[in-house]
Amino acid sequence: MSTVAVLAGDGIGPEVTRAAVRVLRAVRPDVRCEEVEVGGAAMERGDPPLPARARHLCERSVAILFGAVGLPQYEGLPLEERPEHALFTLRHSFDLFANLRPVRVYPGLEPASNLKPAVIEGLDFIVVRELTSGIYFGQPKELRMTEGGEEAVDTMYYSAAQIERIARVAFALASSRRSRVTSVDKQNILATSGLWRRVVSDVARDYPNVALDHLLVDNASMQLIRRPKDFDIILTENMFGDILSDEAAMLTGSVGNLPSASLGTGISSGPVFGMYEPISGTAPDIAGRDIANPTAAILSAALLLRHSLADENGARRIENAVERSFAAGARTADLREQGAPSLTTTAFTDVVIDHLK
Ligand code: NAD
């Protein structure tokens with residue numbers, strides 16, 4: 001029996017993860033879901049953000065279903081003392097370098113977006129974000145006191161090998177879709193982007209059927225609003241991907257809609273260990289009220305089936321159930337039109353489970 005480690009975390013994490021586990025169990029009752037506390041939930045019991053028992057559970061699981069971590073009371077502390085440290089440790093220790101963020105506008109959800117329906121109708125692209133390097137991990141990274149006063153430094157670092165492996169993921173994915181990769185960098189300013197553009201262009205030669213173009217990140221952020229339907233795969237580094245995918249989420253009407261998969265090596269050759277989670281945070285402003293949108297968590301469970309259990313049928317069943325639920329008018333508060341009624345997290349999940357049948 002396959003075991004999935006369920007790390008729900010803080011804020012809305014437990015609410016949306018509960019929804020995802022219910023859907024996963026309905027589709028695959030044979031998968032064992034084992035839960036353990038991480039982040040602020042673990043720290044409140046006197047444990048570190050990623051307790052040893054959580055790490056051990058992940059090591060003996062086929063995948064991690066993750067909620068979100070981070071609580072207001074820990075803001076301002078060094079990263080190692082914050083709940084978010086659990087997330088960075090997991091990404092790094094399992095070398096989950098390939099972060100896939102599918103962006104889709106489901107039929108009927110167009111009014112939830114701030115953009116005109118014609119601009120976003122049928123939108124369907126994937127952000128492929130490098131996740132274990134770049135400015136979030138480069139050293140030195142510190143706040144320090146000098147004779148001139150306080151200063152801080154972050155380091156943006158990429159090796160050619162790190163760029164090549166994420167580029168190969170993007171081109172392989174594009175080959176199974178509309179065969180177009182848009183690589184996003186800041187080549188006019190950053191040395192890492194110069195290397196990025198050169199390595200991505202070299203990798204492209206191995207995929208002659210895939211069209212490659214390059215955009216500077218500032219232009220990419222404009223084109224995402226102007227002509228989002230032109231994108232198939234957006235390939236980019238860690239921080240640019242973090243920012244652009246939140247922008248992309250809003251094309252779909254809510255950050256609560258976007259799932260993600262973080263995968264390690266072997267992704268092109270079959271099922272692979274991965275961590276699956278909504279792209280949003282813990283949403284402390286709505287936590288504990290059963291009103292969060294669980295779509296991202298539910299769709300993350302679909303990605304888990306696809307990439308870690310090689311269960312394409314199960315993944316599609318979940319995605320189709322979400323699509324049909326939206327088509328039937330089911331909406332959580334973040335997606336409802338003005339004056340229209342909305343469903344709780346639990347009630348929306350019930351509708352999705354009904355549509356699995
Ligand atoms: P956030 O994503 O938690 O919330 C931003 C806004 O989006 C809020 O108004 C929130 O209510 C709304 N929102 C988010 N998810 C939603 C959902 N499923 N349904 C409806 N509305 C939703 O970002 P934030 O407020 O900047 O961060 C809150 C905390 O989360 C911080 O501590 C941050 O460090 C942490 N965080 C964690 C992760 C993660 O665990 N992967 C990612 C981002 C932020």
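Partly exposed, as used in these legends, describes a residue whose relative accessible area falls between the buried limit of under 20% and the exposed limit of over 50%. The views below come from a predicted model.

**View 1. Ala 283, a loop residue with an unusual sign of phi for its type.**
Here we look at the loop between strand S12 (274–278) and helix H10 (295–308), where Ala 283 sits. Its phi is positive, at about 40°, although Ala 283 is not a glycine. With 22% relative accessibility, Ala 283 counts as partly exposed.

**View 2. Ser 179, another residue with positive phi.**
Ser 179 is found in the loop that runs between H6 and strand S8 (180–185). It isn't a glycine either, yet its phi is positive and near 60°. Ser 179 has 21% relative accessibility, so it counts as partly exposed.

**View 3. H6 meets H7.**
Now for the helix that comes before that loop. Helix H6 (residues 160–175) and helix H7 (residues 191–204) have axes that come within 9 Å and cross at roughly 45°. That angle makes H6 oblique to H7, and the crossing is right-handed. On the H6 side, look for Ala 160, Ile 163, Glu 164, Ile 166, Ala 167, Arg 168 and Phe 171. They meet Thr 192, Leu 195, Trp 196, Val 199, Val 200, Val 203 and Ala 204 of H7. Sorted by class, this contact has 11 nonpolar residues, one polar and two charged.

**View 4. H1 alongside H12.**
Two packed helices are described by the angle between their axes and the distance between the axes. For helix H1 (residues 13–27) and H12, the angle is about 15° and the axes are 10 Å apart. Angles under 35 degrees count as roughly parallel, so H1 and H12 are roughly parallel to each other. Their crossing is right-handed. H1 brings Glu 15, Ala 19, Arg 22, Val 23 and Ala 26 to the contact, while H12 brings Thr 345, Thr 346, Thr 349, Asp 350, Val 352 and Ile 353. That gives five nonpolar, three polar and three charged residues.

**View 5. H11 crossing H12.**
H12 also packs with helix H11 (residues 312–327): the two axes come within 8 Å and cross at roughly 115°. This crossing is right-handed. From H11, the residues to find are Ala 321, Val 322, Ser 325 and Phe 326; from H12, they are Phe 348, Val 351 and Val 352. The contact has six nonpolar residues, one polar and no charged ones.

**View 6. Thr 345 in H12.**
Zoom in on Thr 345, which belongs to helix H12 (residues 345–354). Is Thr 345 buried or exposed? At 2% relative accessibility, it counts as buried. Its side chain reaches the backbone nitrogen of Ile 291 at 3.3 Å. Setting aside neighbours within four places in sequence, Thr 345 is in contact with Glu 15, Asp 290, Ile 291, Ala 292 and Pro 294.

**View 7. His 92 and its partners.**
His 92 lies in helix H4 (residues 85–93), and at 43% relative accessibility it counts as partly exposed. Not counting residues up to four places away in sequence, His 92 touches Thr 132 and Phe 137. His 92 and Thr 132 are 40 residues apart along the chain, but their C-alpha atoms are separated by 6.0 Å.

**View 8. A cis peptide bond at Pro 140.**
The last view shows the bond from Gln 139 to Pro 140, which is cis, with omega near 0°. Pro 140 is in strand S6 (residues 138–146).

Terms used
Residues numbered from 1 in each chain as written. Predicted model: local features only at pLDDT ≥ 70, side-chain atom pairs only at ≥ 80, totals over all residues. Heavy atoms only, no water. Axes fitted to C-alpha atoms, helices over the stretch in contact; angles between N-to-C directions. Helix = DSSP H or I, 4+ residues; strand = E, 2+ residues; numbered from the N terminus. Parallel < 35°, antiparallel > 145°, perpendicular 65-115°, else oblique. Left-handed = near helix turned anticlockwise from the far one by under 90°. Contact = heavy atoms within 4.5 Å. Nonpolar A, V, L, I, M, F, W, Y, C, P; charged D, E, K, R; others polar. Buried < 20%, exposed > 50% of the residue type's maximum accessible area, 1.4 Å probe, protein only. Polar contact = N/O pair within 3.5 Å; in protein donor to acceptor, adjacent residues only side chain to side chain.
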